[in-house]
Amino acid sequence: MTDLVLVMTTMPGDHRAEELARTLIDERLAACVTVGAPMTSTYPWKGQVETSTERQLLIKTLRSCLPGLEARVRALHPYEVPEWLTLEARGSDGYARWVTTAVAGG
């Protein structure tokens, strides 16, 4: 099924990652949000090299949910430029049906 999409973003390494995950599930923008363990990210930002503790979020959803999901993540995200990577995904028929039901409210 080609409608499955994985979205990757990062959040600060505190409680906000779980809060965002719960909001996206409650609002049926995602079927599942996996929040990874704290990790260290190093990146250039405004002329300096920054290092921070972050958590990776892997969001499982449908292509049709992407506009609303992206708007909601941007509204709730504390970063000026949040990571937003989308990957097309394939899954079993059963998993694809579950994702569809989870976001459609069925």
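**Figure 1. Arg16 and Asp14 form a salt bridge**. This view comes from a predicted model. The closest N and O atoms of Arg16 and Asp14 are 2.9 Å apart. Side chains of opposite charge can pair when their charged atoms come close. Arg16 counts as partly exposed, because its relative accessibility is 32%. Asp14 is partly exposed too, at 27% relative accessibility. Arg16 belongs to helix α1, which covers residues 16-26. The structure holds seven salt bridges, and two others appear in the next views.

**Figure 2. A salt bridge joins Arg55 to Glu18**. Their closest N and O atoms are 2.5 Å apart. This pair links distant parts of the chain. Arg55 sits in strand β4, while Glu18 sits in helix α1. In sequence, 37 residues separate them. How accessible is each partner? Arg55 has 13% relative accessibility, so it counts as buried. Glu18 has a relative accessible area of 37%, so it is partly exposed. The cut-off for a buried residue is under 20%.

**Figure 3. The side chain of Arg55 also approaches the backbone of Gly36**. Strand β4 spans residues 48-62, and Arg55 lies within this strand. Which atom of Gly36 lies 2.8 Å from a polar atom of the Arg55 side chain? The backbone oxygen does. The salt bridge to Glu18 involves Arg55 as well. Arg55 is buried, at 13% relative accessibility.

**Figure 4. Glu80 and Lys46 form a salt bridge between two loops**. The closest N and O atoms of the pair are 3.1 Å apart. Glu80 lies in the loop between α2 and β5 (85-88). Lys46 lies in the loop between β3 and β4. The two residues are 34 residues apart, and the pair links distant parts of the chain. Are these residues buried or exposed? Glu80 counts as exposed, because its relative accessibility is 59%. Lys46 is exposed as well, with a relative accessible area of 62%. The cut-off for an exposed residue is over 50%.

**Figure 5. Lys46 has a positive phi**. The angle is about 50 degrees, although Lys46 is not a glycine. Most residues other than glycine have a negative phi, and most peptide bonds are trans. Lys46 is found in the loop between β3 and β4. At 62% relative accessibility, this lysine counts as exposed. Lys46 is also the salt-bridge partner of Glu80.

**Figure 6. Arg28 has a positive phi and follows helix α1**. Where is Arg28 found? Arg28 is in the loop between α1 and β2. Its phi is near 55 degrees, a positive value in a residue other than glycine. Arg28 is partly exposed, with a relative accessible area of 41%.

**Figure 7. Helix α1 has four named buried residues: Ala17, Leu20, Ala21 and Leu24**. Where do they sit around the helix? Seen down the axis of α1, the buried residues fall within an arc of 100 degrees, so they line one face of the helix. The spacing fits a simple rule. An α-helix has 3.6 residues a turn, so residues three or four places apart point the same way. What do the buried residues of α1 pack against? Their partners are β1 (4-12), β2 (32-35), β4 and α2 (66-76).

**Figure 8. Ser41 makes a polar contact with Glu54**. The contact runs from side chain to side chain, at 2.5 Å. Ser41 is found in strand β3, residues 39-45. This serine counts as buried, because its relative accessibility is 15%. Which residues does Ser41 touch, leaving aside its neighbours within four places in sequence? Ser41 is in contact with Glu50, Thr51, Ser52 and Glu54. Take Thr51 from that list. Ser41 and Thr51 are 10 residues apart in sequence. In space, their C-alpha atoms are 5.6 Å apart.

**Figure 9. Confidence is lowest in helix α3 and highest in β2**. Helix α3 covers residues 93-104 and has a mean pLDDT of 92. Strand β2 reaches 98. The mean pLDDT of the protein is 94. How many of its residues reach 70 or more? The share is 97%. Where pLDDT is low, the predicted coordinates should not be read in detail.

Methods: Residues are numbered from 1 along each chain as its sequence is written. This is a predicted model: local features need pLDDT of at least 70, side-chain atom pairs count only at pLDDT 80 or more; totals for chains, interfaces and linings use all residues. Side-chain values use heavy atoms; hydrogens and water are left out. Buried means under 20% relative accessible area, exposed over 50%, partly exposed in between (1.4 Å probe, protein chains only). A polar contact is a pair of N or O atoms within 3.5 Å; within protein, one must be able to donate a hydrogen and the other to accept it, and residues adjacent in sequence count only if both atoms are side-chain atoms. Contact means heavy atoms within 4.5 Å. The arc is that of the directions from the helix axis to the C-beta atoms. A salt bridge is a side-chain nitrogen of Lys or Arg within 4 Å of a carboxyl oxygen of Asp or Glu. pLDDT is the predictor's confidence in each residue, from 0 to 100.
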